[in-house]
Amino acid sequence: MYTTIQKWKENIYENAECVMNVYFDNELINPDYILDFKKGGDVFDEELILGSTPSQYIELQIHKSANVPIPKQIRIEYGILINHALTVAEVNAMLVGTLNGIPIRSVSANDSSFEIIPIGIYNVDDYNDEDDNVINIKALDNMIKFEFNYDGSELISQKGYATLGEVAQDICNKAGVELRFYFFS
């Protein structure tokens, strides 16, 4: 069983100051223009079985006065304050808004005061601006790019075999996504 340290408990559970960064094609969106934000997920084929892959989606409502172009890609990051020695310049650089009555902040750059956690990169699936004041966007994560039949015969024919890492890299290359390996000790 994993036990958290007291300092972590104090920072996360008791005094958490958080930020949420929403980027449209690498441009940070002012949180004041975000009217609603939902994150959800689906399992392909509606049934969780061995080999199933979950896909995540987000739904956003943005006020039209934000004057944002139709994005191709949306990136979401979440940050937790880990260094309480914020300078006046760092506080002034934050964008502050409210989302459903909850105050939220965005930081214009990653600094040492916040631990930024990437939530995901999403591809715009549905963009609706028919309302007078609101833009509704639904975006899907990169798992949607894996909906193709993979044939690894070309990879294996090069040397007669392939490691699991090479197959994973080949699949990601053909899907057009980045493969990252994480090692935990």
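Reader: Which residues make the nonpolar surface patch of about 220 Å²?
Author: The model is predicted, so local features need pLDDT (the predictor's confidence in each residue, from 0 to 100) of at least 70, side-chain atom pairs count only at pLDDT 80 or more, and totals for chains, interfaces and linings use all residues. Residues are numbered from 1 along each chain as its sequence is written, and side-chain values use heavy atoms, with hydrogens and water left out. A patch takes residues with over 30% relative accessible area and no salt bridge, joining like charges within 9 Å and nonpolar side chains (Val, Leu, Ile, Met, Phe, Trp, Tyr) within 5 Å, with areas from the Shrake-Rupley method, a 1.4 Å probe and, for residues, only the protein chains shown as cover. The patch of about 220 Å² is made by Tyr78, Ile117 and Ile119.

Reader: Is isoleucine 119 buried, partly exposed or exposed?
Author: Isoleucine 119 sits in strand E8, which spans residues 114–128 (strands, E, at least two residues, and helices, H or I, at least four, are DSSP runs numbered from the N terminus). Buried means under 20% relative accessible area, exposed over 50% and partly exposed in between, with a 1.4 Å probe and protein chains only. With a relative accessible area of 33%, isoleucine 119 is therefore partly exposed.

Reader: With which side chain does the side chain of asparagine 21 make a polar contact?
Author: Asparagine 21 belongs to strand E1, residues 18–24, and counts as buried because its relative accessibility is 1%. Leaving aside residues up to four places away in sequence, asparagine 21 touches (heavy atoms within 4.5 Å) Leu28, Arg75, Ile76, Glu77, Ser106, Val107 and Ile116. A polar contact pairs N or O atoms within 3.5 Å, where within protein one must be able to donate a hydrogen and the other to accept it, and residues adjacent in sequence count only if both atoms are side-chain atoms. At 3.5 Å, the partner is the side chain of tyrosine 23.

Reader: Which residue meets lysine 174 in a salt bridge?
Author: The structure holds four salt bridges, each a side-chain nitrogen of Lys or Arg within 4 Å of a carboxyl oxygen of Asp or Glu. Lysine 174 is partly exposed because its relative accessibility is 42%, whereas its partner is buried, with a relative accessible area of 14%. Both residues lie in helix H4 (residues 164–175), four residues apart, about one turn of the helix. At 3.4 Å, N to O, the residue that meets lysine 174 is aspartate 170.

Reader: What is the N to O distance in the salt bridge of lysine 159 and glutamate 166?
Author: Lysine 159 is partly exposed at 42% relative accessibility, and glutamate 166 is partly exposed too, at 27%. Their side chains meet with an N to O distance of 2.7 Å.

Reader: Is aspartate 36, the salt-bridge partner of lysine 38, buried or exposed?
Author: The side chains of lysine 38 and aspartate 36 meet at 3.9 Å, N to O, and lysine 38 is partly exposed, with a relative accessible area of 45%. Since the relative accessible area of aspartate 36 is 16%, this residue is buried.

Reader: Which element of the chain has the highest mean pLDDT?
Author: The chain comes to four helices and nine strands, and its mean pLDDT is 80, with 79% of residues reaching 70 or more. Helix H1 (residues 6–14) has the lowest mean among the elements, 60, whereas the highest, 92, belongs to strand E9.
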